[in-house]
Amino acid sequence: MGQTFSEKILGKRAGQKVKAGDIVVVSPDRILSHDNTAAIINEFRKLGISQVRDPEKLVIVLDHVVPASSEKYAQNHKIIREFVREQRVRNFFDINHGICHQVLSEHGLAAPGTIVIGADSHTTTYGAFGAFSVGVGRSEVASVWATDELWLRVPETIKINLEGQLPPWVYAKDIILKIIGDQGADKANYQAVEFSGPGAKALSLASRMVLCNMAAEMGAKNAYFHPDKKVFDFFQELGISDYEVVTSDEDAQYSEVINLNLDKLEPQVACPHTVDNVRPVSEVEGLPFHQALIGTCTNGRLEDLEVAAQILRGKKVHPQVRVLIIPASQKELLKALEKGLIKIFNESGCVVINPGCGPCLGAHQGVLAPGEVALSTANRNFRGRMGSRDSFIYLASPATVAASAIEGRIKDPRKCLL
Amino acid sequence: MKGKVWKYGDNVNTDVIFPGKYTYSPLTPEEMAQHALEDIDPEFARQVRPGDIIVAGRNFGCGSSREQAAICLKAAGVQAIIARSFARIFFRNAINQGLPVFVQEEVVAGLNQGDEVDLELEKGELVAGGKRWLLPPLPLMVLKIIKAGGLIPYTRQKLADSREDEKKRT
């Protein structure tokens, strides 16, 4: 009987043959945390030891509120920087890098066949590279810092077969919104998701990251794409070759197989206040909004910025809409700058903000007032997430957000004939 | 222990349990409790009493990995959460905070907002309105963590024990 990716990698690392449902204890390769590191340090100090077991495994990225917007956030960052020095954490990325999931990825810290745990729910992102990556809480990270061990239940796996080809102006974001809308926010609870089929193979790494990132929004423990030449080339360019690819077997047992044909997929929009409240853009077209956000760990990479710039070039954003552009990292910002995209955003009336999480979690840089509506490329639209509990968040692809930003109302990007 | 039922629907997410705007403020558990469920039920934090239980639908605690979602409910005095299902990170976080969580469909169907209940955690038994339900037993690993008062005290003890063993050997 064949094994899924998750069964195989957890079995390999636990040193035993496992099947879905088994509990294993593994030692992760990377342990990610961000601004919440200060709270984790606080828990770690209660454990009665002074040294992190293996500081080489820690990856700490300041991204949630950068630069610090208040004294208490500043204090938080200060505590983290002191800890990083004290414990000699090499993989520390201060406020001048970007969002943790992008930064960890672009430094090649989530190679195929590795195990990454992170104190962030969107740690699922690294499945795009064939890593087993899973989100946990703060106590758990503090405990793993000390013991270098984590217990995990081997998940069942849902296979999602992507057939056909994406039509123009339809993107990875539309694929995952469609899947979540059809299947529900708890469809993959406690389970892994493997994306496969020709539609999956055709996606860029950045697009695969969108799917894996948002797999968290259907409850998935982890997500996975079969690593291919795109992945190998990416790591080769970084000079990283010491990894062992782990793949699922042809005859692996899946709890369910879902097929989606991309040929006729429309742009999708998730409506307030749940990510699975998804409609085709045609059903929400014309809805006015106040703020647009293009960025976040879901859609702040070069390919996202390129599509947005292509639509915004030579146009002005609607005078009643505030448009925020937040590249996912300094590296992505630099690429966008070199390609002239930042100039386009600037001239069209967008506000370009430094890489980071921005207002996605309602902490700073464009929070919403009561009654306001946002159209965002982020991954969550929960009530109150971007500010007031009486505000409303719609989620869509960078193309849909950019097209709508010009119109001042939600617009089908396929109508942007260039 | 006796308490009252707070009942909610499906997909109660971590942003409504503990809003993101407070997540990176250094708050004590008691301060966190004052914001518990603020964006879905502003009455909760004002009226919850120690021993109360939360009864909810599917996917309770979906969304962010923020552990404050579990901490604030525990600090508010919530004795246990019984739901049709839990989001996995919340499930782990609750256990890691020593807050028992159970998946039991019949309890969810049978209890209403404000019902008086008597929950005996040790026996895994819940009594309300003359009815008695059994809660599914928790796995051994989980029980150990809850009994220790959460993952941090559990790990602390484990580390201390292994240092002790080391000493004995040398």
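**Figure 1. Strand β3 (residues 80–83) of chain B has buried residues on both of its faces.** In this predicted model, B:Ala80 and B:Ile82 point one way from the strand, while B:Ile81 and B:Ala83 point the other way. All of these residues are buried.

**Figure 2. Strand β2 (residues 53–56) of chain B runs parallel to β3(B).** The pairing of β2(B) with β3(B) extends over four bridges. Within this pair, B:Ile54 of chain B stands opposite B:Ile81, a residue of β3(B). Helix α4 (residues 68–75) of chain B belongs to the view as well, since β2(B), α4 and β3(B) make a right-handed β-α-β unit.

**Figure 3. Strand β4 (residues 101–103) of chain B also pairs with β3(B) in the parallel sense.** Three bridges are found between β3(B) and β4(B). Here B:Ala83 stands opposite B:Val103, which is in β4(B). Helix α5 (residues 88–96) of chain B, together with β3(B) and β4(B), makes a right-handed β-α-β unit.

**Figure 4. Chain B is shown whole, with its eight helices and seven strands.** The radius of gyration of chain B is 17 Å, close to the 15 Å that the globule rule gives for 170 residues, so chain B is as compact as a globular protein of that length. Along the principal axes, its C-alpha atoms fill a box of roughly 60 × 40 × 25 Å. Of the 170 residues in chain B, 49% count as buried. Among contacts in chain B between residues at least 6 apart in sequence, 70% join residues at least 24 apart.

**Figure 5. A:Ala131 lies in a loop of chain A, between β5 (115–118) and β6 (132–135).** A:Ala131 has 32 other C-beta atoms within 10 Å, and is therefore buried. Apart from neighbours within four places in sequence, the residues in contact with A:Ala131 are A:Ala110, A:Ala111, A:Pro112, A:Thr114, A:Val116 and A:Tyr126. A separation of 8.6 Å lies between the C-alpha atoms of A:Ala131 and A:Ala223, although these residues are 92 residues apart along the chain.

**Figure 6. Domain 1 (5–260) and domain 2 (268–412) of chain A, as given by the domain assignment, are shown where they meet.** The C-alpha centres of domain 1 and domain 2 of chain A lie 24 Å apart. Contacts between these domains involve 31 residues of domain 1 of chain A and 29 residues of domain 2 of chain A. On the domain 1 side, the elements that give two or more residues are α4 (100–106), α6 (172–183) and α8 (205–215) of chain A. The largest share of that side comes from α6(A), with six residues. By class, the domain 1 side that touches domain 2 of chain A has 12 nonpolar, 13 polar and six charged residues.

**Figure 7. Chain A and chain B meet through 42 residues of chain A and 34 residues of chain B.** On chain A, α3 (71–87) and α5 (138–147) each supply at least two residues of the side that touches chain B. Of the elements in chain A, α5(A) gives the most to this side, with seven residues. By class, the side of chain A that touches chain B has 14 nonpolar, 15 polar and 13 charged residues.

How values were computed: Residues numbered from 1 in each chain as written. Chains lettered and ligands numbered in written order. Predicted model: local features only at pLDDT ≥ 70, side-chain atom pairs only at ≥ 80, totals over all residues. Contact = placed C-beta atoms within 7 Å. Nonpolar A, V, L, I, M, F, W, Y, C, P; charged D, E, K, R; others polar. Domains from an automatic or database assignment. Buried ≥ 20, exposed ≤ 12 C-beta atoms within 10 Å, placed from the backbone. Pairing = 2+ DSSP bridges. Right-handed = clockwise from strand over helix to strand, strands pointing away. Rg over C-alpha atoms; globule rule 2.2 N^0.38 Å.
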